[in-house]
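Open the model in your viewer and keep the selection tool at hand. We will go from the ligand outwards.

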Amino acid sequence: MIAKKIEVLIPADIDDCLSSLAKYSGDCAPLAGGTDLVVLLKTGMRKHIKYLLDISSISDLKVFTITLPGTASPTRLGIDSQADVIFEKLKEWRELAKEGNGAPKVTLGSTHTHSAIATSPLLKGFECLIRGASSIGSPQIRNMGTIGGNLANASPAADLYPPLIALGATATLVSHRGVREIAVEDLPRGPGSTLLEPYEILTSVTFEIPSLPFYSSYIKIGLRNSLAISVASAAVFATFDGGKFKTVRVACGAVAPTPIRMREVENLLIGQSPSRQLAREAGEIASKECDPISDIRATRTYRRHVTSVIVSRLIEDAAERGGRFFGEQAQ
Ligand SMILES: Cc1cc2nc3c(=O)[nH]c(=O)nc-3n(C[C@H](O)[C@H](O)[C@H](O)COP(=O)(O)OP(=O)(O)OC[C@H]3O[C@@H](n4cnc5c(N)ncnc54)[C@H](O)[C@@H]3O)c2cc1C
């Protein structure tokens, strides 16, 4: 039960939001979908909060942009734009990337809901992200919960961390003091704690559209098929060059105090040709690299075992399916 009176502030834009956070810093929390925060308030775990800053209607937090190599101003699209809008330009962008101009980048505003991400035609190519967003809670939770709330709440089991870490995403944090870009993998400090200052908001996440064929996917193990918090989860992103792994990022959730990047697994895979044997070895290394706890959902031993299984399964899947350019349809 929420015993005390809490004032809800409705900022008109990001500047308005930052002024309130600076003024009431510490006593004020951004409210996006409320699916975590309202539970925390009701259970008395945010007793100090006197103001809720409703950021759900700020249009600049709902951006979806593509920044082309060599251009300063991003192309603004809607998250529900039809994929053809950009896929026809992809070849041109890849050529620009080859010339050393850098890759095109996608920027996703922090108040996009899990449902919007899961159904976005433009994000279809980033399977790990689609699978992560689709696996969260129930339709009601996915319609309210946001990408920014999932990252800021920093549960070790949060389903968007492993996909975003695997994509090499950065988070943009903004305050009255300025702007900081932080790799998503560096954002969490421990369960429920991040590098976000009380006067900062997470405005967006950004990741590259690879110019090589790539694979990405996500597996979540829960105790039931829906409304299940992860017992263990893993995301893999890999690019391929000449039939070998070139870039590989592997991230796991719910098997350490924060979502973690599995660098020893990545080191094993880079430069190798995908195979079942390699997938098995990757799984074995993953089970040693994670550091899970036992709790009401699973034992430490089970979590280690299942991490080995899901990492190995993802690498096997990558070996079987190979890589596709972003925008290419599955066979
Ligand atoms: C029944 C149920 C099932 C769930 N199942 C899952 C699940 O399967 N997987 C999973 O990962 N999560 C799950 N969750 C947790 C939750 O739905 C997600 O973490 C969701 O993404 C939180 O987003 P939100 O917009 O609702 O955040 P809010 O509740 O609005 O905010 C959460 C925290 O983040 C802060 N915050 C929010 N946005 C910002 C921002 N832009 N900048 C700075 N701080 C911000 C808030 O101040 C608050 O501290 C579940 C929750 C419930 C109630």
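Select the ligand and its surroundings in this predicted model. The ligand is surrounded by 30 residues. Closest are Gly33, Gly145, Gly148, Gly149 and Asn150.

Now colour that shell by residue class. You should find 17 nonpolar residues, eleven polar ones and two charged ones.

Next, show the secondary structure. Which helix gives the largest share of the shell? It is helix 8, with five residues. Select 147–153 to see helix 8. Other elements that supply at least two shell residues each are strand 2 (28–31), helix 2 (37–42), helix 7 (139–144) and strand 11 (201–208).

Colour by domain now: 7–54 for domain 1, 59–208 for domain 2. Why does the ligand shell lie between the two? Both domain 1 and domain 2 give residues to the shell, so it lies between them.

Move on to the open sheet of three strands. The strand order is 1-3-2, and the pairing is parallel. Strand 1 (7–9) and strand 2 are the edges, each pairing on one side only. On average, neighbouring strands of this sheet are turned by 30° against each other, direction ignored.

Zoom in on strand 1 and strand 3 (residues 51–54). The two run parallel and are joined by three bridges. Pick Val8: its bridge partner in strand 3 is Leu52.

Last stop: select residues 14–24, which form helix 1. Helix 1 packs on the sheet and touches strand 1, strand 2 and strand 3. The direction of helix 1 makes about 165° with that of strand 3.

Definitions and conventions:
Residues numbered from 1 in each chain as written. Predicted model: local features only at pLDDT ≥ 70, side-chain atom pairs only at ≥ 80, totals over all residues. Near = placed C-beta within 6 Å. Helix = DSSP H or I, 4+ residues; strand = E, 2+ residues; numbered from the N terminus. Nonpolar A, V, L, I, M, F, W, Y, C, P; charged D, E, K, R; others polar. Domains from an automatic or database assignment. Pairing = 2+ DSSP bridges. Axes fitted to C-alpha atoms, helices over the stretch in contact; angles between N-to-C directions. Contact = placed C-beta atoms within 7 Å.
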